[in-house]
Amino acid sequence: MPQRRPAPRPKQSRWYISLLKWGLVAGLALFIALAVAVALAYRDLPSFDDMKRSPNGQPVEIRGDDGTVLASFGPSYGAWLSYPEIPATMKNAMIAVEDRRFWYHPGIDPIGIVRSFVVNAARGNKAQGASTVTQQLARNLFLTASKDYTRKLREVVLALAIERKFAKEDILELYLNRVYFGGGAYGVDAASRKFYGHSARRLSLEEAAIIAGLVKAPSRFSPSADAEAARKRAATVIAVMVEQGGITPEEATAADPRLVQFAPQARLAGVRYFTGWVLTELENLTDEANEPLLVETTLNSQMQRDAEAAIRAEAPKGAQGALVALARDGGVKAMVGGTDYVRSNYNRAIVARRQPGSAFKFFVYAAALESGVTPEDIYEDKPVSIGNWSPKNDNGQFIGPVSVRQAFARSINTVAVQLAEQVGFDTVAEMARRFGITTQISRQPAMALGSSEVTLFEMTNAYATVANNGLENTPFAITRITTGSGRVLYNRNEGETRQVVAPVVAAQMTQLMQAAVEEGTARAAQIGRPLAGKTGTTSSNKDGWFIGFSSGITTGVWMGRDDAKAVRGHAGGRAPARAFAQFMARAVGGTPPEALVTEFADDTLGPEPDAQSYGITIDEAPPMDSEAPPGDEPPRLDDNWLDKTLKEPAQPQIEPR
């Protein structure tokens, strides 16, 4: 009987078998490729000690003059805790919420991956992740936070290599000392010190649960951002710990996150104007880019708080305010760049250029005194015309003969213009340059009344020079820079001082400013001790200034709108003078009153000392024309504005406030 030939297999079966064979080949090839990749990654992995020593980023801590931490930038790392030093509750909490199969998987969690795929497919979005602690460690140490598949594949390879090279305990130690917990804190010890004020070695169950709950969303669950959200998240963590067997139900019942007390967080908003400026200065003093930096500064924390309070209390509605306080040696003791840093980080103390109004008369009178004018000389308050320009006083009246002291105290415009014309408008501009004004200065007549733009910082430094008997000390903020290892990178030494004006001129200027406070436009600034200062108000009440000094502190205050619109009723002798008084009464209140230097017997230098004795040479002197010195920025005002005022009958007036 003939044998029957086997029936041919259906084409569909042959296709399935072929697909299975090729699938096995491809799977084997992928496995081999993965094994090779893991082996190469294993070979290139740093040692455990190397990974301990390589934090990401450069932490910078800025401190005040008493050691108080003003601000910290970049990552913050606490003490490195070995595996046995980390509380068991902290380790159990982290494993419970981040990687429940940590002790069993090879670096990736296949069960977690499948569960994540099912949940995400059902919900239609990426609602659940599947990264293990080892994968997160690989990402934190070696990769970026990008979401592409290439990065994810590298993360898997590195996680598998890490598991081959290190024990589970080592991996958990690395992770808990390097993971980010929000607020700039990396590692459990940094997080514990930031949020509770103590070492992570002393973490309670509730505190550990709060920290473990931060990894999922550091910004959302941070105690410094939302304490209630942090406590609710901790309750969830404790429930999961019970479910995973990390703690007993009795321990969970005894734990109450609502009772956790958080350490007070530093209010950085106001001081950020100062610390931002310090960071820019830091770049000029050191090129260290890796080691953590400790920056010691001149800022006094209490003075800073008082300065912020004074500006907030006195700034007119809708207006901004700024304040700078300088010590006798030039150290910045307080700096406020605006009423609210969160809403606007524009530093009006350093950057903003505004018209100073009558506060600029400081340079007019300094030039006049140096030329031989005395505080007792008499000038007539009368109508004055230069070309078609006729400056007037705020009240529209003229009082006739007045002394130079009275004219300054009452901020009489006509006398200031006469003095500027007498000594020369170029001479006044050069005097401003000598006092450290670097912004463009007009050489036209209206400059005598403060039409050129200046910064509060430079104006305050100019007044501080008079307070220092004519000696200029360059303002500074940073006194010392050290690395985390204690290496000193910068230590400030007292530099050479420059005699800007003769002591006799400085004493006479102090006389004038004392009169302004005692009997003139600056009476609102009085603080019950010897004080000298000057107000300034610009056209239509757009800017108000007060700058003065007492007992070794010179303080400048500016107020106005950023859009330069008028502020109704605004004047330098009002809100700025009141803010000055509020701040200075506290700043110098605990020190003995100091008499002002208003007389200087030794005037051997004469009223017109040689320019070179003040650090000025002919080559360095500003040009005697209306062009700005090299490096000046163009003014925001129309350059032809002052020329037009000489041809038009209606003239802008700078009010003598």
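**Exercise 1. Getting to know Thr465**

Thr465 has its place in helix α19; the model you are looking at is a predicted one. Work out whether Thr465 is buried or exposed, and which residues Thr465 touches.

*Solution.* Start with the surface. The relative accessible area of Thr465 is 2%. Buried means under 20%, so Thr465 counts as buried. Next, look at the neighbours. Leaving aside residues up to four places away in sequence, Thr465 touches Phe435, Gly470, Leu471, Glu472 and Val500. Finally, check the polar part of the side chain: one of its polar atoms lies 3.1 Å from the backbone oxygen of Asn461.

**Exercise 2. Following the trail to Phe435**

Phe435 appeared among the neighbours of Thr465. Find which aromatic partner Phe435 pairs with edge-to-face, and where the two residues of that pair sit along the chain.

*Solution.* Begin with the contacts. Not counting residues up to four places away in sequence, Phe435 touches Phe362, Phe363, Ala366, Asn461, Ala462, Thr465, Val466, Glu472, Val500 and Val501.

Now pick out the rings. In the whole structure, a search finds 14 aromatic pairs. One of them is edge-to-face and joins Phe102 and Trp103, with 5.1 Å from centre to centre and 70° between the planes. Its two members are placed unlike each other: Phe102 is buried, at a relative accessible area of 0%, whereas Trp103 is partly exposed, at 35%. The pair we want is that of Phe362 and Phe435, also edge-to-face, at 5.1 Å centre to centre and with 75° between the planes. This pair links distant parts of the chain, since Phe362 belongs to helix α15 and Phe435 to the loop between α18 (425-434) and α19 (456-467), 73 residues apart.

As a last step, check burial. Phe362 has 0% relative accessibility and counts as buried; Phe435, at 1%, is buried too. You can then widen the view to one aromatic cluster, formed by Phe360, Phe362, Phe363, Phe435 and Tyr463.

**Exercise 3. Placing Phe435 in a core**

Which residues touch the most other members of the largest nonpolar core, and which helix gives this core its largest share?

*Solution.* A general idea helps first. In soluble globular proteins, nonpolar side chains tend to be buried together. Here, the largest nonpolar core has 84 residues, and Phe274, Phe363, Tyr365 and Phe435 touch the most other members. Helix α15 (residues 361-370) supplies the largest share of this core, 8 residues. Apart from this core lies another, of 63 residues, including Phe48, Met90, Ala190 and Leu203.

**Exercise 4. Checking a helix**

Take helix α20 (residues 503-519) and compare its expected span with the distance between its end C-alpha atoms. Then ask how many of its residues are buried.

*Solution.* Helix α20 has 17 residues, and at 1.5 Å a residue they should span 24 Å. The expected span uses one less than the number of residues. The end C-alpha atoms are 24 Å apart, which agrees. For burial, 15 of the 17 residues of α20 are buried, so the helix is largely enclosed by the rest of the structure.

**Exercise 5. Two loop residues and their polar contacts**

Find where Glu288 and Asn393 sit, and which polar contacts their side chains make.

*Solution.* Take Glu288 to begin with. Glu288 is in the loop between α13 (272-285) and β5 (293-297). Its relative accessible area is 19%, and the cut-off for buried is under 20%, so Glu288 counts as buried. Its contacts, not counting residues up to four places away in sequence, are Gln58, Leu293, Arg487 and Leu489. With Arg487 there is a polar contact of 3.0 Å between the side chains. Gln58 is 230 residues from Glu288 along the chain, yet their C-alpha atoms are separated by 9.4 Å.

Turn now to Asn393, found in the loop between β8 (378-381) and β9 (400-403). Asn393 is buried, with a relative accessible area of 9%. A polar atom of its side chain lies 3.0 Å from the backbone oxygen of Gln397, and the side chain of Asn393 also reaches the backbone nitrogen of Asn413, at 2.9 Å.

Note on methods:
Residues numbered from 1 in each chain as written. Predicted model: local features only at pLDDT ≥ 70, side-chain atom pairs only at ≥ 80, totals over all residues. Heavy atoms only, no water. Core = buried A, V, L, I, M, F, W, Y, C linked by side-chain atoms within 4.5 Å. Buried < 20%, exposed > 50% of the residue type's maximum accessible area, 1.4 Å probe, protein only. Helix = DSSP H or I, 4+ residues; strand = E, 2+ residues; numbered from the N terminus. Contact = heavy atoms within 4.5 Å. Phe/Tyr/Trp six-rings, centres within 6.5 Å; stacked < 30°, edge-to-face > 60°. Polar contact = N/O pair within 3.5 Å; in protein donor to acceptor, adjacent residues only side chain to side chain.
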